Amino acid sequence: MEQRERGEQKGRRQWVAFMVALVLLWSESSAQIRYSISEELKEGTVVGNIAKDLGLDLTTLKQRGFRIVAGSTEPLFQVNQNDGKLYVKRIVDREDVCERSSDCLINLKIVLENPLEIHYVAVEVLDVNDHTPSFPEKEKCLEISESTLPGARFQLQAARDLDVGMYSVKQYKLSHNDHFRLEVKDRGEDRKTPILILQKPLDREAIKIHELLLTAIDGGKPPLSGEMRISVEVLDINDNPPIFIKDVYSVLLDENAPIGTTVMQVNATDLDEGSNSEVIYSFGSDVDIKVRESFDLNSKTGEIIVIGQIDFEEIRKYDIDIQASDKGAAPMTTDKSIIIKIVDVNDNAPEIEVTSFSRAIPEDSRPGTTVALISVNDLDSGHNGKIICSISEDVPFTLTPSLQDNMYSVVTKSPLDREKQFQYDVTIVAKDAGQPSLSSVKTISVTLSDVNDNRPEFSLSPYTFYITENNEAGVKLFSVSASDRDENENAHVSYQIVRDGLENTFASFLNVNSENGEILALKSFDFETIKTFQFQVVATDSGTPSLSSNVTVNVFLQDQNDNAPVILYPVSANGSAEGLEEIPRNVNAGHLVTKVRAYDADVGYNGWLLFSMQEVSDHSLFSLDRYTGQIRTLRSFTETDEAEHKLVILVKDNGNVSLSATATVIINAVEPKEAFAASDVKSSVKDEDENNVTFYLIITLGSVSTLFLISIIVLFVMQCSKTPDYSSKYLQDANYDGTLCHSIQYRSGDKRYMLVGPRMSIGSTIVPGSNGNTLVVPDHRRRASGELKMVVMG
């Protein structure tokens, strides 16, 4: 027995030792760790050091696969295998994880492999006050009858707060008012229900709607709150009779008021609502039949309307009883008496009669001219029959009373002008002195006949035209136009060119169409002969007596390329463009052999000359400057070079269809001694030729200068005779694009000249070109047209 007891004790000790070892083993492999954190922590916040709390070696964490066993959803936490710490992986929302549970624990399973260890970590998420109490409805509407007794209770919906515990809804507050108070019923588990209690009787006529504000407050520090607006609509009972808005209703009504005229409108209001406030109107029970035949009462609007004849002489005053009743279950009624006084009215308007009338008068009629005679009449008497007449519009006519009563004359009061207004509608108003007054109107139309009091007016003054030379005779060049503000024959305009006077010499070569103002040239004009001319056109109307006006026409000719270049040098004795030049054979490269000179009677680009070699015996020996016409040697002569060389020079202008001329230069290369002897002979001949050329150029210069001086004098006189407004219209240059418009080039001795005429850009420069001169137009602002500049180049 004793041995058995000893055996049992030994067995119990072994079992206990086994259980202790099992517990120790479990505690090592399945230790439980608990951490606490607040919700809404940022990502990366450290929760705790699991490796330190479990006593794990940090160096073996990666090898053993230290990790969290995650489910299907993304884990809220993560462990770092380098430091063994537990971190927040994404923001934790306690209300999202644990909803309204009082305790919120998140269990994590931590695993280490090789050897296998499993540890359980519990993370408690603590609530923060991050939610505001809210009501299911932002606005609540209650309907309570005004007959409801005090003490009535109305349960309201409770507010909800996603937070728990101390952060849930703790109290309610009701805005201050005299009729309601608030009671809160505690149902436990953070549930408190607000109850609205009526403590004072309601009067819908005093306050129809009570606006209350219910506030729910949680237990946070500081507390958060939510609001709900409560509208209490008071329902009506029929406790008020209709009330007329006026104490006395009295109105004046004109006799002969048309049927359908509204005499007055009575209006009663009822402080109740719905059918209790709907008012209907009716005549009193003792209203006689005559009132019912003359007037009708609209039961809904209270309007009293005329339905019969109203005659002041029959009845002068109506005293009518009116009733206003509501539509309540037990209707309430109010009586009111109205008074309608009939007024005798001025019911006859004046009559206007035109006894004499002139429909058309001349526009030059003097003030005081009689246009019409009128008479007025009114069937009423006394003040109602007294008439005042007037003209309603602002017209150049007035009324003049006659010696006879109610007779008037319509006369002119100011000068007339048909061109400003050819017809007037004169409205005559006749108004009596009745109360209220009546009036009549009569309109007569007065037409003004035309007299010839306006001269023809040209559309421009002066006219400026640009035409191209070599125009075809008999073809229209341009036209002028004039208009006359008169009408019919007084406005018919004919045209004529003024041909008398020295300044109108060129008018004899022109003809104008007397009907339309088109001007034809009877001859072709030459720019090289005349640059500009001026004449006058007179426009005359067909009135009696006729009136006329003149206009000046300025015509400027534009150059065409109709002149071929003329060779000035070389020129042989028989007049051909051929010359002989002798030069020593020992000249160096660049030696000036001779210079071809030419002249073009055209101007601008048409007179800008270019030189080129059309034929040369040796291209390597001579060069030609395309702008100056200078012939120079390209190299020195050799023994193998020919003694005689022939050069054919082509001189071409720059017109659209260019014209040209050729000059032949024979160059003989001689020994230096021969060259000196020939030079003396040649110089004497050249001096004679030079003197001839100079003489011709002086004549040309004198002629051209005379023409330009005449043109400038004419332009100056025109400018002085015009107003400043027309200065910008003379010699228009709006389309100027830098083209050479007018230039004359000539040579005198060793000097080269250029005359720059109208529309030439001042400040232009001369470069070697035709006759040694070429005009280059710089791109800057042009000066005034008609300015003359002479450029001298040595």
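**Overall composition, cores and salt bridges of the chain**

Of the 794 residues in the chain, 40% are buried. The model is a predicted one, and its secondary structure comprises 5 helices and 54 strands. The accessible surface of the chain amounts to about 43,900 Å², with 50% of that area belonging to carbon and sulfur atoms. Among the contacts in the chain with a separation of 6 or more, 65% are between residues 24 or more positions apart.

The largest nonpolar core contains 28 residues, and the members touching the most other members are Leu253, Phe295, Ile320 and Ile340. Two or more residues of this core are given by each of strands S16 (249-254), S17 (262-265), S19 (279-283), S20 (295-297), S21 (303-306), S22 (317-326) and S23 (333-343). Strand S22 supplies the largest share, 4 residues. The surroundings of Phe295 illustrate the packing in this core. Residues up to four places away in sequence being set aside, Phe295 touches Leu253, Val263, Phe283, Ile304, Ile305, Val306, Ile307, Ile310, Tyr318, Ile320 and Ile340. A second core, separate from this one, has 27 residues, including Val480, Phe525, Phe527 and Val603.

Nonpolar side chains also occur at the surface. Ile713, Phe716 and Val717 make a nonpolar surface patch of about 330 Å². Ile713 belongs to helix H5, which spans residues 672-721. With a relative accessibility of 54%, Ile713 lies above the 50% cut-off and therefore counts as exposed.

A search of the whole structure gives 16 salt bridges. One of them pairs Arg64 with Glu117, with 2.9 Å between the closest N and O atoms. Arg64 is located in the loop between helix H2 (50-54) and strand S3 (67-68), whereas Glu117 is in strand S7, so the bridge ties together parts of the chain 53 residues apart in sequence. Both partners fall under the 20% limit for burial: Arg64 is buried at 13% relative accessibility, and Glu117 is buried at 18%. The side chain of Glu117 also makes a polar contact of 2.9 Å with the side chain of His119. His119 lies in strand S7, which covers residues 117-126. At 2% relative accessibility, His119 is likewise counted as buried. Glu117 thus takes part in a salt bridge with Arg64 and in a polar contact with His119.

A salt bridge with partly exposed partners is found between the side chains of Glu278 and Lys327, at 3.4 Å from N to O. Glu278 is in the loop between strand S18 (268-269) and strand S19, and Lys327 is in the loop between strands S22 and S23, so this pair ties together parts that are 49 residues apart in sequence. The relative accessible area is 38% for Glu278, which is classed as partly exposed. Lys327 is also partly exposed, at 44%. Strands S19, S22 and S23, named in placing these two residues, are among the elements that give two or more residues to the largest nonpolar core.

The side chains of Glu487 and Arg418 meet in a further salt bridge, with an N to O distance of 3.5 Å. This pair links distant parts of the chain, 69 residues apart: Glu487 is in the loop between strand S35 (482-483) and strand S36 (493-498), and Arg418 is in the loop between S29 and S30. Strand S29 covers residues 407-412 and strand S30 covers residues 423-432. The two partners fall in separate accessibility classes, since Glu487 is partly exposed at 31% and Arg418 is buried at 10%.

Arg418 has several further contacts with residues remote in sequence. Neighbours within four places being left aside, the residues in contact with Arg418 are Glu363, Leu448, Ser449, Asp450, Arg485, Asp486 and Glu487. Of these, Glu363 is 55 residues from Arg418 in sequence, while their C-alpha atoms are 5.7 Å apart in space.

Definitions and conventions. Residues are numbered from 1 along each chain as its sequence is written. This is a predicted model: local features need pLDDT of at least 70, side-chain atom pairs count only at pLDDT 80 or more; totals for chains, interfaces and linings use all residues. Side-chain values use heavy atoms; hydrogens and water are left out. Buried means under 20% relative accessible area, exposed over 50%, partly exposed in between (1.4 Å probe, protein chains only). A polar contact is a pair of N or O atoms within 3.5 Å; within protein, one must be able to donate a hydrogen and the other to accept it, and residues adjacent in sequence count only if both atoms are side-chain atoms. Patches are made of residues with over 30% relative accessible area and no salt bridge: like charges are joined within 9 Å, nonpolar side chains (Val, Leu, Ile, Met, Phe, Trp, Tyr) within 5 Å. Accessible areas come from the Shrake-Rupley method with a 1.4 Å probe; for residues, only the protein chains shown count as cover. A salt bridge is a side-chain nitrogen of Lys or Arg within 4 Å of a carboxyl oxygen of Asp or Glu. Contact means heavy atoms within 4.5 Å. A nonpolar core is a set of buried Ala, Val, Leu, Ile, Met, Phe, Trp, Tyr and Cys residues joined through side-chain atoms within 4.5 Å.
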